[in-house]
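Biologist: I would like to learn how to read a protein model feature by feature, beginning with strands and moving on to rings, pockets and the backbone. Could we go through them together?

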Amino acid sequence: MKFSDKLELCHERVSFLMRLTLQFLRYPVVQEGGALAPFFTEESHTFSEYLLVPGYSSTQCIPDNVTLKTPLVRFKKGEESPITLNIPMVSAIMQSVSGPRLAIALAQQGGLSFIYGSQSPEDEAAMVRFVKDYKSGFVESDSNLTPDMTLAQVMDIKELTGHSAMPVTDDGSAHGKLLGIVTSRDYRPSRDSRDKLVSEFMTPLDRLVVAHDGVSLKEANDIIWDNKLNQLPVIDSEGRLCSMVFRKDYDQHKSNPDELLDSNKSYLVGAGINSRDYEVRVPLLVEAGADCLCIDSSEGYSEWQKITLDWIREQYGDEVKVGAGNVVDAEGFRYLADCGADFVKVGIGGGSICITREQKGIGRGQASALIDVCRARDEYFEETGIYVPVCSDGGIVYDYHMTLALAMGADFLMLGRYFARFDESPTHRVNINGSYMKEYWGEGSARARNWQRYDLGGSKNSLSFVEGVDSYVPYAGPLKENVENSLLKVRSAMCNCGALSLGELRENAKITLVSATSLVEGGAHDVMLKDATSPEVNFRS
């Protein structure tokens, strides 16, 4: 039995109470085509209004046995999705969230970032290219030296890039003639003069182990292991540097078994686009190697999105994958699915920094919107044999909301505030009243001024009013530790529901609406809480 069917009794009860209330107030429930606007009889619900009810779990239901693989883009019945995520997480298309550093960190965990599009097409393409080049096994060096540079310059470059291994070439370029290499073992800042020349302390070419152009990644890694190296320069027949292979990349892959890689061992990365400059932006992003695009818009049930999708299909066919949205009901989903969207995003006004509902009265509770759209997705699949994944975008406050969203039918989650808290997000870490915070602002804020995202057409190319805020979020540390912790909770909750995959979770989950008092009951109450930083206690009831 599908989750949508399981919720029918709950919704019938809510609908009945709603109709009674409307009758009591003498407001008619107007049907479509009436004098007034159609009225949704169900209340608009958020994730916090639901809980999972435990189901039978066998001895096989342990977190280590749970798989979180999920399709990213549409596929036909009997086939597999061309792109599969290893974890159901993608990062929001936002300036304060999805830069190249976070894209790399998230791909290492098995998720996907969508580089923000509120920048020039050239700059966005450069970020995509950086991620794709970061780990293809063979890395083009971006920290290079010449023999006449000084130790002071070496230390400045190390401080700027964080790189301790730097090739020395005749012209200081990434493809100059290799003369040697400098690593942190070649000098001692406490003893050596800052004016000491690179030529005096570098390891020269005749003492280096190198590989030649054409070597496979496996062969390169074997050379590294056999010779106990940390890095291996690859040179061509004329002795010019081609690339570098690093031991840390091999070690990192072993410690991140869920890494999201393409056939060239590069990280997968997405990119945001808009419905204004797509004719310029899309070709640059495709050339840079973007694996998936997504139309970034506050409201996706629009002809502008159809025009954008049509142009991409005319130029690239089905080769370029592109998601669309956002929508909040079945009608909007079917429109975008028929337009050829590879996935559909759900959610308007539910983000922590979004004030669209305040400003325009547009939106819907995220749980209600997600249930409606996922039901439409399943119906569409039954009718057409085409499965169009659903992305739940917004409304996630607590980790357990992730599990609820997945149980309600979401194939994957787009998260903004969640990722903005981490080291790898592109914003500054600041000290606010003794606590470390990270800056976080919405694309509709005065700071971002991403007018293309909220554009409804016309000649005015500007943001008429804000639909987002500028804020801080508590700093949470590195992405890897936080994502692993959050997903451990998801896996554990899935085991409580007797599910070892997201498909099983949707089939097995039992979900109940909760009252306001049961929300209080669900947290710590009627005890004296100890403050971790103080011997004082606080009473919570």
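Biologist: How many bridges join β7 to β8, and in which sense do the two strands run?

Modeller: This is a predicted model, and in it β7 and β8 run antiparallel and are joined by 4 bridges. One of the residues to look for is Pro167, whose bridge partner in β8 is Ile181. Ile181 also has a bridge partner in β9, namely Thr203, and β8, which covers residues 178-182, pairs with β9 in the antiparallel sense over 2 bridges.

Biologist: What order do the strands take in the sheet, and which are the edge strands?

Modeller: The order is β7-β8-β9, an open sheet of 3 strands with antiparallel pairing. The edge strands are β7 (166-169) and β9 (203-204), each of which pairs on one side only.

Biologist: Are the residues on the two faces of β7 buried or exposed?

Modeller: The general idea is that in a regular strand the side chains alternate between the two faces of the sheet. In β7, Met166 and Val168 lie on one side and Pro167 and Thr169 on the other, and since all of these are buried, both faces are covered.

Biologist: Now for the rings: how many aromatic pairs are there?

Modeller: The count comes to 13 aromatic pairs, and the angle between the ring planes tells you how to describe each of them, with angles over 60 degrees counting as edge-to-face and those under 30 degrees as stacked. The rings of Tyr301 and Tyr335 have centres 5.2 Å apart and planes at 50°, so this pair is tilted. Tyr301 lies in the loop between β14 (292-295) and α10 (303-316), while Tyr335 belongs to helix α11 (residues 330-339), so the pair ties together parts that are 34 residues apart in sequence. Tyr301 is partly exposed, at 36% relative accessibility, and Tyr335 is partly exposed at 22%. Another pair, Phe419 and Phe422, is edge-to-face, with 6.1 Å from centre to centre and 80° between the planes, and both of these residues are buried.

Biologist: Which charged residues lie over rings, and where should I look for them?

Modeller: Look at Arg247, which lies over the face of Trp225 at 4.1 Å from the ring centre, and then at Arg429, whose charged end sits over the ring of Tyr475, 4.9 Å from its centre.

Biologist: How do I read a pocket, and what lines the largest pocket here?

Modeller: Rolling a probe the size of a water molecule over the atoms shows where empty space is left. Here the largest pocket holds about 920 Å³ of space. Its lining has 31 residues, and those that lie nearest the centre are Tyr134, Val139, His163, Phe246 and Lys248. The elements that give two or more residues to this lining are α3 (100-109), α4 (121-134), β12 (241-246) and α8 (247-255). By kind, the lining residues divide into 10 nonpolar, 12 polar and 9 charged.

Biologist: Finally, what should I notice in the backbone at Asn326 and Lys228?

Modeller: The peptide bond from Gly325 to Asn326 is cis, with omega near 10°, and Asn326 lies in strand β15 (residues 322-327). Lys228 has a positive phi of about 55° although it is not a glycine. Lys228 is found in the loop between α7 (217-226) and β11 (231-235), and at 74% relative accessibility it counts as exposed.

Key. Residues are numbered from 1 along each chain as its sequence is written. This is a predicted model: local features need pLDDT of at least 70, side-chain atom pairs count only at pLDDT 80 or more; totals for chains, interfaces and linings use all residues. Side-chain values use heavy atoms; hydrogens and water are left out. Rings of Phe, Tyr and Trp (its six-membered ring) pair if their centres lie within 6.5 Å; planes under 30 degrees apart count as stacked, over 60 as edge-to-face and the rest as tilted. Buried means under 20% relative accessible area, exposed over 50%, partly exposed in between (1.4 Å probe, protein chains only). A charge sits over a ring if NZ of Lys or CZ of Arg is within 6 Å of the ring centre and within 35 degrees of the ring normal. On a 1 Å grid over the protein atoms alone, a cavity is a set of points where a 1.4 Å probe fits but cannot get out, and a pocket is an open set with protein on both sides within 12 Å along at least five of seven lines; lining residues have an atom within 4 Å of a point. Grid points are joined across faces, edges and corners, and a volume is the space filled by probe spheres set on the points. Ala, Val, Leu, Ile, Met, Phe, Trp, Tyr, Cys and Pro count as nonpolar, Asp, Glu, Lys and Arg as charged, and the others, Gly among them, as polar. Two strands pair if DSSP finds at least two bridges between them.
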